[in-house]
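Hi,

Here is the structure I promised to pass on. Have a look at it first, and then read on for what turned up when I went through it.

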Amino acid sequence: MKLLLTGCTGFIGRELIPLLIKEGHSLTVISRQSKRKLKAIDNEQSINFIQMDPAESSSWDKEEIQHSLKSCEGVINLAGEPIAEKRWTTDHCKKITNSRIETTKNLINNLRNLRKPPKVLINASAIGFYGSHPQIKFNEENIQGDDFLANLCKEWESSAKNKPRATRLLIVRIGIVLAKDGGALGKMLPIFRAGLGGPIGDGKQWMSWIHRTDLCNLINESLKNSAWSGVVNGVAPNPIRMNEFSNSLGQELGRPSLLAVPGPILTLILGDGARVVLEGQNVQPQRLNKLKFKFSFPTINEALKAILT
């Protein structure tokens, strides 16, 4: 297929883009950064690369992007400023919101203007949609929560649902993505390797995670399979508590995991962004199970072993 990709040049894209090329797809990649700065498409001469800010409506007027839109058969929209890496100042919250909502609105507006819209749109969301709770097991049928992330995800998904009628939509509510070259695990590894790791907060909060390979495989599968529509939770079938994750990581590295990171210190560093890792939620991939998606790494031990060997 001829695919248009937004937000696919970072942590997830580093594995997703090579997979899509291997599958024989033709890719047009949109990014705010220059091509030479992007590891995901380094030395990939076959990719049609367009540097633009998709959150700016005027950037979609470029002839190059309009030409790519007219010929594309599928769209993967993963665009969004990282959520839990900085303090949630007013400016940063605006970036978190605009990078998702404005990008998606601009994309949808342009798709709706096409005489022949793409067959499929895969749009990211996040398990933050559900809010957090220490006891509830969330699945795709639960209603949204009522905090900043939940409201952001609701608006994000609502924007995507305005897609052309002929375009099949799959919304993937993504959990904590694990790989060693970025994301939460990438930040933890140097600390744990130094023997200074441990659970964050009280360690009892749930962590709903997915190995990056499984996330990329489910995106790839959803391109091919027309049964994949609506909403799926992009999480492994076995969420764990934070202290279990820390113990498993420490054991895999042969290092202790005794030094807990107190919640107040994390809050001092990240502000409200600390809630993402301090509160957590138990999210189940109910629809992926019904779709018979086969996880390569269903348990945390299998995932960490594959990542760290």
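Before anything else, a word on the numbering of elements: helices (H or I, at least four residues) and strands (E, at least two) are DSSP runs, numbered from the N terminus. With that in hand, you can find His25 in the loop between helix 1 (13-22) and strand 2 (26-31). Please keep in mind that this is a predicted model.

**His25 and Asn220**

Let's stay with His25 for a moment. Is His25 buried or exposed? It is buried, because its relative accessible area is 13% and the cut-off for buried is under 20%. Its C-alpha atom is 4.9 Å from that of Met1, and the two residues are 24 apart along the chain. If you set aside residues up to four places away in sequence, His25 touches Met1, Leu3, Leu20, Asn220 and Leu223.

One of those partners, Asn220, deserves its own look. You will find Asn220 in helix 6 (residues 212-224), and it is buried, with a relative accessible area of 5%. Beyond four places in sequence, Asn220 touches Leu19, Leu20, Glu23 and His25.

**The chain as a whole**

Now a step back. The protein chain has 11 helices and 13 strands. For 309 residues, a compact globule would have a radius of gyration near 19 Å, and the chain agrees with that, at 19 Å. Its C-alpha trace spans about 60 × 40 × 40 Å along the principal axes.

Of the 309 residues, 54% are buried. Among contacts with a separation of 6 or more, 76% are between residues 24 or more positions apart. The chain exposes about 14500 Å², and carbon and sulfur atoms supply 49% of that. As for charges, there are 41 positive and 29 negative ones, and their mean positions are 3 Å apart.

**Helix 11 and its surroundings**

Next, go to helix 11 (residues 300-308), where the buried residues are Ile300, Ala303, Leu304, Ile307 and Leu308. Seen down the axis of helix 11, these buried residues fall within an arc of 110°, so they line one face of the helix. The reason such a spacing works is general: an α-helix has 3.6 residues a turn, so residues three or four places apart point the same way.

What covers that face? The cover over the buried residues of helix 11 includes strand 8 (176-178), helix 5 (183-193), strand 10 (209-211), strand 12 (240-241) and helix 7 (242-253).

Helix 5 has a buried set as well, made up of Leu185, Gly186, Met188, Leu189 and Phe192. Strand 8, helix 7 and helix 11 are among the elements that cover it. After helix 5 comes Gly195, which has a positive phi, near 80°.

There is another positive phi to look at: Lys292 has one of about 60°, although it is not a glycine. Lys292 sits in the loop between helix 10 (286-290) and helix 11. At 71% relative accessible area, Lys292 is exposed.

**His92 and two glycines**

His92 belongs to helix 3 (residues 90-112). With a relative accessible area of 5%, His92 is buried. Which residues does His92 touch, not counting those up to four places away in sequence? They are Glu81, Pro82, Lys86 and Arg87.

Arg87 turns up again with Gly271: leaving aside neighbours within four places in sequence, Gly271 is in contact with Arg87 and Leu266. Gly271 lies in the loop between helix 8 (263-270) and helix 9 (275-278), and it is buried at 11% relative accessible area. The C-alpha atoms of Gly271 and Ala84 are 9.5 Å apart, with their positions 187 residues apart along the chain.

Finally, take Gly145, in the loop between strand 6 (137-138) and helix 4 (148-160). Its relative accessibility is 14%, and it counts as buried. Gly145 touches Phe129, Tyr130, Gly131, Ala150 and Asn151, again not counting residues up to four places away in sequence. Its C-alpha atom is 16 Å from that of Asp272, which is 127 residues away along the chain.

That's the tour. Shout if you'd like to go through any of it together.

Cheers

How values were computed. Residues numbered from 1 in each chain as written. Predicted model: local features only at pLDDT ≥ 70, side-chain atom pairs only at ≥ 80, totals over all residues. Heavy atoms only, no water. Rg over C-alpha atoms; globule rule 2.2 N^0.38 Å. Buried < 20%, exposed > 50% of the residue type's maximum accessible area, 1.4 Å probe, protein only. Contact = heavy atoms within 4.5 Å. Areas by Shrake-Rupley, 256 points an atom, 1.4 Å probe, with all protein chains shown as cover. Lys, Arg positive; Asp, Glu negative; His and termini not counted. Charge placed at Lys NZ, Arg CZ, Asp CG, Glu CD. Arc of directions from axis to C-beta.
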